[in-house]
Each structure stands twice: as structure tokens, then as C-alpha cells.
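Trainee: I have a model open and would like to read it piece by piece. Can we go through it in questions and answers?

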Amino acid sequence: MTDSASPTNTQDWYYPSEDVVSNATVKDYGALYNRSINDPEGFWAEQAETLEWYKKWDKVLDSSRAPFYQWYVGGKTNIVLNALDRHVKTFRRNKLALIWEGEPGDTRTYSYFRLWQEVNKFGSVLRSMGVKKGDRVTIYMGRVPELLIAMMACAKVGAVHSVVYGGFSEQALADRIEDAESRVLITQDGAWLRGQIVDLKKVADEAVKRSPVVEHVIVFKRTGHNVHMEPDRDYWWNDLMALPVASVKCETEMMDAEDPLFILYTSGTTGKPKGILHTHGGYSVYTSTTLKWVFDLKEEDRWWCAADPGWITGHSYIVYGPAILGVTSFMYEGAPTHPYPNRWWKLVEHYGINVLYTAPTAIRGLMRFGSTWPNRHDLSSLRLLGSVGEPINPEAWKWYYEVIGKGRCPIMDTWWQTETGGFMITPMPSVALKPGSATRPFPGIDVDVVDDDGNSVKPGEDGLLVIKKPWPGMLRTVYGDADRYVKQYWSKFKDMYLAGDSARKDEDGYIWVIGRIDDVIKVSGYRLGTAEVESGLVSHPAVAEAAAIGIPDELKGNIIYAYCILRDGQTVTSDLEDKLKEHIRHEVGPIAVPAKIEFVKSLPKTRSGKIMRRVLKARAQGLPEGDISTLEE
Ligand code: PRX
């Protein structure tokens with residue numbers, strides 16, 4: 001599936017209508033791009049000027065300690081200054097910041113004023129618990145407005161949030177709490193998904209047992225089912241917000257532009273997940289500039305980024321980017337198919353969504369139910385569509401374009417990563433599209449496809465995707481592991497950022513991302529390391545050794561296959577595969593559950609003992625195994 005996008009269908013051009021072009025903020029991409037690349041610092045200074053600062057920067061970019069680049073050095077800000085504080089002094093005070101619908105159908109809306117007040121109140125609560133600048137706070141919640149409030153409240157008081165996606169389970173959560181050394185955990189009793197309660201509090205309790213650094217747990221009541229509340233440790237959100245300490249007066253902490261804003265854990269090649277660190281200044285500039293130009297958001301628009309706030313897409317384009325621009329965001333709690341496969345289309349119609357941004361896996365999932373469901377709804381409010389997370393195959397692209405966008409709405413296929421903070425390769429509405437290609441780099445972003453020696457490859461040839469200039473939204477380091485930051489991203493080529501994806505450039509300079517070059521698997525657009533699945537399996541008493549691989553799948557992009565060697569004395573029973581799947585679900589999370597587990601006596605390894613996943617992958621798909629001369633046996 002990931003390979004189905006190919007530069008051979010370059011004749012498939014889709015040109016934007018005159019209407020789209022005349023409405024677009026950026027009409028001449030080429031001119032803007034050239035200017036940005038000829039004078040990146042001037043360009044990024046200009047973008048930063050559109051925001052408010054407590055104090056402007058002395059230097060736009062400091063490369064003296066590269067690859068530890070610093071942006072807007074000497075500048076003083078706080079992302080919340082731009083995302084909330086400044087709006088409540090303007091007409092936006094009364095504008096909707098957030099429209100929310102729960103899966104059961106309940107709704108809530110927040111004006112910018114109300115959101116600002118709630119953030120202030122919760123910020124005051126955090127301060128009263130002793131949370132201060134630089135402290136890390138872990139947030140483990142579902143898609144509820146309180147998740148946004150918790151994130152922004154952390155930022156407001158200068159704390160560093162670490163949001164852990166609600167689909168992760170006990171060990172994954174415990175590892176992330178431990179790595180960040182969070183004294184405070186914010187969670188909720190449960191979340192609604194497909195008509196069922198996901199018992200987040202139960203997972204949180206178990207994780208806290210395994211990571212005793214946590215002193216306080218704040219629990220938002222969402223589902224109202226019975227949960228255990230540990231005395232002197234657990235507090236209900238609503239109780240705290242009703243206390244006099246929950247003051248609406250909460251001063252925004254003045255931060256250095258380079259002070260950390262959040263850590264977000266993501267999967268890498270080996271070992272434990274990496275805490276990707278982003279900062280207040282550069283991230284504010286980058287998320288707002290990219291969102292403004294790529295999705296052309298207007299004051300009157302209703303924007304729906306259907307990702308989860310627990311992933312970078314949600315951080316940048318549900319929480320911070322839209323709030324900085326002062327737009328109205330829509331958020332939905334539950335599953336796209338609940339109670340029927342028309343739920344999303346009903347939401348688009350009901351709330352008059354203008355721009356919808358989602359992932360190929362969601363599009364393929366909904367496409368499966370046919371066109372009748374969307375066709376029952378008035379989708380004429382839509383103006384632009386977006387895609388992110390993995391290459392979009394042309395069939396899904398065309399369905400999205402024809403059936404959802406009625407051939408009127410250009411699709412912004414945005415390539416980027418947790419590490420990049422925002423869109424990197426992406427069209428803008430005025431750019432001609434080719435289904436399956438993320439098209440061209442964003443202004444200020446210098447992208448290339450190179451061979452192993454770092455030389456640009458010819459058009460149509462596969463190579464490594466690299467970024468040749470720093471940009472304000474880039475990660476600053478891996479939390480607590482600066483060596484890993486250098487090694488992972490800046491050691492193959494010293495002065496180019498290695499993205500970890502393979503790609504091709506076609507004759508027109510359009511970029512086609514092929515997929516990961518490392519041991520990262522994209523399952524339904526979610527990023528998982530083979531190491532996470534493997535250590536989850538090995539933590540079961542029956543398993544001695546395990547290998548996990550990704551296999552292309554029509555719907556999910558990739559699915560996980562796992563191979564296990566049992567410990568001495570263990571035998572394969574008929575229910576062992578199910579037991580192991582349950583174990584992974586419990587320890588790592590539902591997204592890490594392999595579609596298939598095979599029990600084997602040995603694994604193909606190199607002489608140095610590295611598992612040859614390439615060989616397993618070929619075998620699983622019945623393909624030639626390639627060069628196996630380095631195989632141990
Ligand atoms: O392989 C690329 C793929 O997703 C990876 C980054 O994953 P993550 O950090 O979880 O961030 C996802 C959301 C930004 C990339 O290395 N990827 C992301 N977007 C695209 C994509 N592959 C192809 N086309 C895209 N539009």
C-alpha cells in the first residue's frame with residue numbers, strides 16, 4: 001500500500017479552480033519559496049513579527065552550537081500569550097474557540113474568553129499544587145475540551161506537558177511518566193469510544209503503581225462510572241476547579257523563546273520511545289505560519305483537524321496553531337463510525353465545517369462503507385481537505401476528492417513528523433496537485449532526496465529524505481538524551497537533518513514519500529517501533545525472543561506480524577496467540593497488537609546478532625529474500 005503512490009502517474013495533474021486561487025493567501029508559491037530560501041532568517045523574522053512578544057529576539061537563528069540550533073534568541077514569549085491572552089483583548093473574546101461533540105451526542109462550546117478563563121483557573125490549580133516553570137506534567141486523556149485546557153494551563157504556568165495518547169496502556173504510560181519524571185498526572189475516569197467506556201483511570205492507576213514519581217493525580221469526570229480514587233493522591237478536576245485557589249487570575253509565565261513547551265514521545269529505531277522536545281518561540285511561529293498558508297484559514301472558518309490531541313498533529317493543529325490564528329476549531333470525541341458510518345459527514349453538515357484534515361487510514365476506513373453514507377449529507381460547506389500520517393494511495397485520494405470534496409476541494413497532503421513540529425512538504429491551495437505526492441516544500445524548508453553519500457539523486461530515483469536548513473519548528477533535542485538527538489538525526493550527514501523516510505523527486509520537482517527506512521511501523525498512521533512490540537512480547541513469561549515487522553495492508557497502511565521463540569519448557573497451546581495479543585493490548589496498547597503471531601524455533605540474524613527484519617518481511621509476503629549472505633545460519 002505504501003508503495004502504491006508512484007511517480008509514474010505524473011500525468012495526473014489536478015489544477016485548482018480560479019475560485020480557489022483567488023481566495024488563496026499565497027497566490028505565487030514559487031516567488032514566495034525563492035524569497036524564503038534566499039533569505040531564510042529575514043523570512044522567519046517576518047513571520048515572527050506577526051505574533052506578539054513580551055520582548056523581541058536579538059538574533060533570529062543561532063547556529064553556533066549546531067545541531068543544537070536556537071531560534072529567536074533573547075526573545076520573551078509564552079505560546080499562550082498568542083493563543084489566548086491577546087485574543088481576549090479583541091473582538092475574538094466572543095468568538096468560538098472550540099466546538100466540541102462527545103460520542104454520545106452531548107456538545108459544548110467555548111468562546112476565547114471562556115477558554116482563557118478555564119485555562120487560567122486550571123493554571124492556578126496547578127500552581128497551588130506546586131507546579132512551576134520547567135516541571136513536567138503528564139496528561140493521559142481522551143478527546144475532551146479539558147485536554148486542551150490542561151495543555152494550555154501547563155504552558156501558561158511554564159510547565160512542560162507530556163501528553164500520552166489515550167490508546168497507550170500501562171507500561172507505555174509508566175515508561176513515559178518515568179522518563180519525564182512527572183509529579184503530576186492529569187487523566188479522566190473514562191473516554192467514550194464505539195459506545196464503550198475506555199477505562200483510562202484504571203490504566204493510570206496501574207501505571208502510577210509502576211512509576212512512583214507521581215504525587216498527585218487529577219481526574220476529570222467524563223463517563224461517571226465507578227473508579228478507584230486514592231486518598232491524598234487523587235483529586236476530581238471539578239472539585240479542584242470549585243476551590244477558591246482556582247482563580248481566574250493566573251499570570252502567564254514569561255518564557256524565553258527557547259524554553260521547553262512540551263515533550264511528546266515517539267517511536268524510534270531502537271529501545272525506548274524518544275521524548276521529542278519543542279519550545280515556545282519557534283513552535284508558535286511555525287505552527288501558525290504553516291496552518292495559515294496551507295489551509296488558508298479565514299476568520300469565519302470552522303476548522304476540523306480530526307486527529308487526536310495526543311499526537312503531534314493534534315498538538316500543532318488542534319490545540320496551538322488554530323488558537324494562535326484565532327480560528328474556530330471543531331473536535332469530536334469518538335469513533336467515525338459510531339453509531340453509523342455517516343457520523344463524520346453528519347458532523348460536517350451539522351457544524352458547517354469548511355476545512356477537514358484527516359489521515360489516509362480514516363479515509364480508507366470510511367471509503368469501505370461506500371459513497372451512499374456521505375452522499376446523504378450536505379457537504380457543500382467544505383472548501384479544502386487535508387491528509388497526513390502516511391502516503392495516501394491514489395484510490396483513496398480520488399475518493400476523498402470526488403465523493404467528499406465533490407471535485408471542488410483541493411487536498412493538502414502534508415508530509416511532516418513529530419520532530420518537525422509542523423508541515424514540511426505540502427501543497428498550498430494554489431499549487432497544482434498530483435494524487436499521492438505531498439508536492440513541494442513549505443517556504444523556508446530546504447528539502448532534498450540524496451544517496452548514501454549525501455549527493456542529490458536524479459529525478460525518479462529512490463533516496464533518503466533530508467532537510468538542509470534548520471527551521472523554527474524543529475525539535476531541539478531528545479529529552480534527557482542529547483546524544484541520541486545528534487546520533488539519530490545529524491550523524492549520517494553532519495549538516496543535514498535525516499528524516500528517516502525514503503522518497504523520490506519527479507521531473508517536476510514533486511516529492512513522493514515512500515516510507516520509513518528504519519524499524520518504525522506506521523499502523524493506521526500511528527507510529528510504532530518494532531522494539532516496543534518486541535519488548536512487550538518478551539515481557540510475557542512464555543516468550544524468550546521476538547521480532548516484529550510491518551506488512552502492507554489495504555486499510556491500515558501496515559499491520560504488525562510478530563515472530564516469537566518460546567522459553568525452554570513452554571509449549572505452543574491453542575490459546576497462546578490470543579493470550580499474547582491480550583498481553584500486548586494491556587502493556588503497550590491496542591495499536592501495538594500484532595495481526596498475527598507465529599511461533600518459530602529461530603530468527604534470521606546477522607552474524608553480529610541483529611535480527612534481519614527484511615528477510616522476515618520478504619518471507620511473510622512470499623517475496624524473494626534478497627541478499628542473505630550475511631545471515632548467521
Ligand atoms: O513516514 C512519514 C509519515 O509519518 C512519519 C512521521 O510520523 P509521526 O511523527 O507520527 O507524525 C505523523 C504526523 C505528522 C513520517 O516520517 N508521514 C507523515 N505524513 C506523511 C507521511 N508519509 C507520507 N505522506 C505524508 N503526508
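**Strands, a sheet and a ligand**

Mentor: Start with strand 18, residues 355-358, in this predicted model. V355 and Y357 point one way, while L356 and T358 point the other way. Are these residues buried or exposed?

Trainee: I look at both sides of strand 18. V355 and Y357 on one side, and L356 and T358 on the other, fall under 20% relative accessible area. So the word for all of them is buried.

Mentor: Which residue of strand 19 stands opposite V355?

Trainee: Strand 18 pairs with strand 19, residues 384-388, over four bridges in the parallel sense. Strand 16, residues 302-305, also runs parallel to strand 18, with three bridges. From strand 16, W303 stands opposite V355. In strand 19, the residue opposite V355 is L384.

Mentor: Now the open sheet with the order 28-29-30. Why is one side of strand 28 and of strand 30 left without a neighbour in the sheet?

Trainee: The sheet has three strands, and the pairing is mixed. Strand 28 (543-553) and strand 30 (596-599) stand at the edges. One side of each has no neighbour in the sheet because each has a single partner strand.

Mentor: By how many degrees are neighbouring strands of this sheet turned against each other on average?

Trainee: Direction is ignored here. The average turn between neighbouring strands is 25°.

Mentor: Which residue in strand 29 is the bridge partner of E545?

Trainee: Strand 28 and strand 29, residues 557-566, run antiparallel. They are joined by 10 bridges. In strand 29, the partner of E545 is I565.

Mentor: Which helix packs on the sheet and touches strand 28, strand 29 and strand 30?

Trainee: Helix 19, residues 613-620, lies across strand 28 and strand 29, at about 60° to strand 28. The helix that touches strand 28, strand 29 and strand 30 covers residues 576-587. Its direction makes about 125° with that of strand 30. That is helix 18.

Mentor: Turn to the ligand. How much of its area does the protein bury?

Trainee: Polar side-chain atoms of D501 and R516 each lie 2.8 Å from a ligand oxygen atom. For K522, a side-chain N or O atom is also 2.8 Å from an oxygen atom of the ligand. Taken alone, the ligand exposes 550 Å². The protein buries 96% of that.

Mentor: How many residues are around the ligand?

Trainee: D413, T414, T418, K522 and R527 come nearest. Helix 11 (312-325), strand 20 (411-414) and strand 25 (511-516) each supply at least two residues of the shell. The number around the ligand is 17.

Technical notes
Residues are numbered from 1 along each chain as its sequence is written. This is a predicted model: local features need pLDDT of at least 70, side-chain atom pairs count only at pLDDT 80 or more; totals for chains, interfaces and linings use all residues. Side-chain values use heavy atoms; hydrogens and water are left out. Buried means under 20% relative accessible area, exposed over 50%, partly exposed in between (1.4 Å probe, protein chains only). Two strands pair if DSSP finds at least two bridges between them. Axes are lines fitted to C-alpha atoms, for helices over the stretch in contact, and angles run from 0 to 180 degrees between N-to-C directions. Contact means heavy atoms within 4.5 Å. A residue is near a molecule or strand if one of its heavy atoms lies within 4 Å of it. A polar contact is a pair of N or O atoms within 3.5 Å; within protein, one must be able to donate a hydrogen and the other to accept it, and residues adjacent in sequence count only if both atoms are side-chain atoms. Accessible areas come from the Shrake-Rupley method with a 1.4 Å probe; for residues, only the protein chains shown count as cover.
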